[in-house]
Amino acid sequence: MAYDKFTVLSSTAVPLPIENVDTDQIIPARFLKATKREGFDENLFRDWRYNPDNTPKQDFVLNNPIYTGKILVGGRNFGSGSSREHAAWAIYDYGFRCVVSSFFADIFKNNSMNIGILPVTVSEGFLHQIFTAIENDPNTLIEVSLEAQTITLVSTGEKESFDINGYKKHNLMNGFDDIDFLHNIKTEITAFAENSKY
Amino acid sequence: MSNKPQTLFDKVWDAHIVKQVADGPDVLFIDRHFIHEVTSPVAFLGLKNRNVDVMFPEKTFATADHNTPTINQHLPVADVLSANQLKALEENSAKYGISHWGLGNPKNGIVHVVGPENGITLPGMTIVCGDSHTSTHGAFGCIAFGIGTSEVEMVLASQCIMQPKPKKMRINVHGSMGKGVTPKDVVLYIISKLTAAGATGYFVEFAGPVFEEMSMEGRMTVCNMSIEMGARGGMIAPDETTFNYINGREKAPKGEAWVNSLAYWKTLKTDEGSVFDIEYNYEGADIEPMITYGTNPGMGMGISQRIPTAEGMESGKVSYEKSLSYMGFDEDQPMLGKKIDYVFIGSCTNGRIEDFRAFASIVKGRKKADNVTAWVVPGSHVVEQQIKDEGILDILIEAGFELRQPGCSACLAMNDDKIPVGKYAVSTSNRNFEGRQGPGARTLLASPLVAAAAAVTGIITDPRTLIG
């Protein structure tokens, strides 16, 4: 599915300073019943965001209008658990383009990059700085440059570099996906398959 | 071929590299692709939009499991959205020529139960599925892991996946398992030591006498939960136990093909002198029946212990307290004697015949406690039949239990099998996340023996006290 190219993102951010945010919290299983990719943003963090009677939980960050932006900042081990890509879809469709944490679960990280969300892994210390900055000023601007592989707190200029492999970086900057790549090496795949043991 | 000692993981991974991308992932050929109704529809939609065909439909196998009812499977599925997903799986499979074991098919069941059961899973394969518990198949010496829907589409379109090679971890468990200790306890113990993120970025090999002595069912339980320590997957070197399990299964190689396969499979082990990025060693004697008290699978403890205090927790105090508050527990409390409401035995973790034998061993001659609602859900129709053939069903009925029909059921509670808000459920499944088994549900992960002990006493009970 086509997604927006990622180059530089300058935005305020939504803080979620909780560790081990698993994909069942991001989107509970009972909302995985669609056969199309639509409407998942409505159920993003469903049980943290809404009461059982569907009224918003006032103390949850997505229901607090002072926090907005295209960057979601989460605690350590973000996206653990189920492989459901619906979690990444819900985050993307809600409007986030970048998730920042000190540690991501593998499958969530892959899923994110495959649909155009940039996962940015920062040090525990810098994560703490980001949370503090947002707490002090919800309008704190954060700049994420994929080109330069840096994340910057704009007001103070404090920044950190992040890792991403060259292949994925190229994909995200151009809106390409792996199927585009694999399609171009079909001959090699066919040749490999002929010698397959199974 | 270099003479450098290689790990089991390296051997299987390297044998599947189609191409290496500079400063990027490896293109890995996939031998078996399992699909189910929840994570595949959007992938097929993607194929359609790209006007791309399934490259090797004979390497993909479909089964309905995640979102199926566990009673009255002969009736039309009442939930419209669920019925749509099942229909989409059936139609997509038919359209592209993919084997489909839908609801009502005698081979239907949970994807990670039916794959091995029918000899689709074989040593040395690469296996993926849009489900994180695909790691289960690592029990056969496979590289098996969960993928997202974009990757499902990728595998359908190209039979390949693009993955950076993970780092290597070996976990050795020495000695043997004590009385009342099962493979589930071994893996919950390991996760409690490593934490829920302790193996992220790694592929794990489980080694040592405890795993060598384990049945295939037990090894599947262990590898199934590798993802719960964050690992990309877990694997165990195939041996005689593996070969005996596979021999004669429907899709297993026969005759000369069997002989040739066996010769290859016997090379699939870590060479002496191989180097791992990290290695852990544990003693079987240190492991007692386990139970979780929190909201991730790393929050587990020996059943006779007290809930740890927040002090010294690697994870933040705030997250820890949030977790205990959700569970309605306090620090330093014992778990033994706590009243429970539900018992769930089943899932891709503990839904195989051995698990029901263990459950029945404690239930036999006792009665289900009045305060307990129990859901006994086989992993497949084959397991269901075994339960009947071995007389386990009679034991269950005599004790006041009912047997449901196969499916993922209350493990993820997509269907109607939901634990009500605030209720405690001792579950043999794999995740105790907030709301995993239903909004507000409180899950205590444990082995089939601990589940049985809770089911007959109505409280958390050490199964060792009920074993003769």
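# Questions about a two-chain model

User: Where in chain B is B:Asp23 found?
Analyst: This is a predicted model, so treat each value here as computed from a prediction. To place B:Asp23, look for the elements on either side of it: it is found in the loop between S1 and S2 of chain B.

User: Is B:Asp23 buried or exposed?
Analyst: Start with the backbone: B:Asp23 isn't a glycine, yet its phi is positive, about 50°. Next, count its surroundings: there are 11 other C-beta atoms within 10 Å. The cut-off for this class is 12 or fewer. Because its count is 11, B:Asp23 is exposed.

User: Is A:Asn20 buried or exposed?
Analyst: A:Asn20 sits in the loop between strand S2 (13-16) and helix H1 (23-26) of chain A. A:Asn20 also has a positive phi, near 55°, in a residue other than glycine. For the class, the cut-off is 20 or more neighbours. Since A:Asn20 has 30 C-beta neighbours inside 10 Å, it counts as buried.

User: Which residues of chain A is B:Asp31 in contact with?
Analyst: B:Asp31 is in the loop between strand S2 (26-29) and strand S3 (32-35) of chain B. With 24 other C-beta atoms within 10 Å, B:Asp31 is buried. Setting aside neighbours within four places in sequence, its contacts in chain B are B:Lys59, B:Met125, B:Thr126 and B:Ile127. The chain A contacts of B:Asp31 are A:Ser196 and A:Tyr198.

User: Which element gives the largest share of the side of chain B that touches chain A?
Analyst: Here, 62 residues of chain B are in contact with 49 residues of chain A. Several elements give two or more residues to the chain B side, among them strand S1 (17-20), helix H2 (41-50), helix H5 (149-158) and helix H11 (317-327). By class, that side has 28 nonpolar, 23 polar and 11 charged residues. The largest share is seven residues, and it comes from H5(B).

User: What arc do the buried residues of H11(B) fall within?
Analyst: Begin with the list: B:Ser319, B:Tyr320, B:Ser323 and B:Met327 are buried in H11(B). An α-helix has 3.6 residues a turn, so residues three or four places apart point the same way. That fits with the buried residues of H11(B) lining one face of the helix, because, seen down its axis, they fall within an arc of 100°.

User: Which residues are exposed on the other side of H11(B)?
Analyst: Strand S18 (442-445) of chain B is included in what covers the buried residues of H11(B). Just after H11(B) comes B:Gly328, with a positive phi of about 75°. Now turn to the other side of H11(B), where the exposed residues are B:Lys317 and B:Ser325.

User: Which helix gives the most to the side of domain 2 of chain B that touches domain 3 of chain B?
Analyst: Chain B is divided into domain 1 (8-162), domain 2 (167-238 + 269-286) and domain 3 (290-465). Between domains 2 and 3 of chain B, 19 residues of domain 2 are in contact with 23 of domain 3. Helix H6 (183-194) and helix H8 (216-224) of chain B each supply at least two residues of the domain 2 side. The one that gives the most, with six residues, is H6(B).

User: How far apart do the C-alpha centres of domain 2 of chain B and domain 3 of chain B lie?
Analyst: On the side of domain 2 of chain B that touches domain 3, the residues divide into six nonpolar, eight polar and five charged. For the separation, take the C-alpha centres of these two domains of chain B, which lie apart by 22 Å.

User: At what angle do helix H13 and helix H16 of chain B pack?
Analyst: Two packed helices are described by the angle between their axes and the distance between the axes. Helix H13 (residues 353-363) passes helix H16 (residues 448-457) of chain B in a right-handed crossing. Their axes are 8 Å apart, and the angle is about 35°.

User: How many nonpolar residues does the contact of H13(B) with H16(B) have?
Analyst: H13(B) brings B:Asp355, B:Ala358, B:Phe359, B:Ile362 and B:Val363, while H16(B) brings residues including B:Pro448, B:Leu449 and B:Val456. Sorted by class, the contact has one charged residue and no polar ones, and the nonpolar count is 11.

Key: Residues are numbered from 1 along each chain as its sequence is written. Chains are lettered from A and ligands numbered from 1 in the order in which they are written. This is a predicted model: local features need pLDDT of at least 70, side-chain atom pairs count only at pLDDT 80 or more; totals for chains, interfaces and linings use all residues. Axes are lines fitted to C-alpha atoms, for helices over the stretch in contact, and angles run from 0 to 180 degrees between N-to-C directions. Helices (H or I, at least four residues) and strands (E, at least two) are DSSP runs, numbered from the N terminus. A crossing is left-handed if the near helix is turned anticlockwise from the far one by less than a right angle, and right-handed if clockwise. Two residues are in contact if their C-beta atoms, placed from the backbone, lie within 7 Å. Ala, Val, Leu, Ile, Met, Phe, Trp, Tyr, Cys and Pro count as nonpolar, Asp, Glu, Lys and Arg as charged, and the others, Gly among them, as polar. Domain bounds come from an automatic or database domain assignment. The arc is that of the directions from the helix axis to the C-beta atoms.
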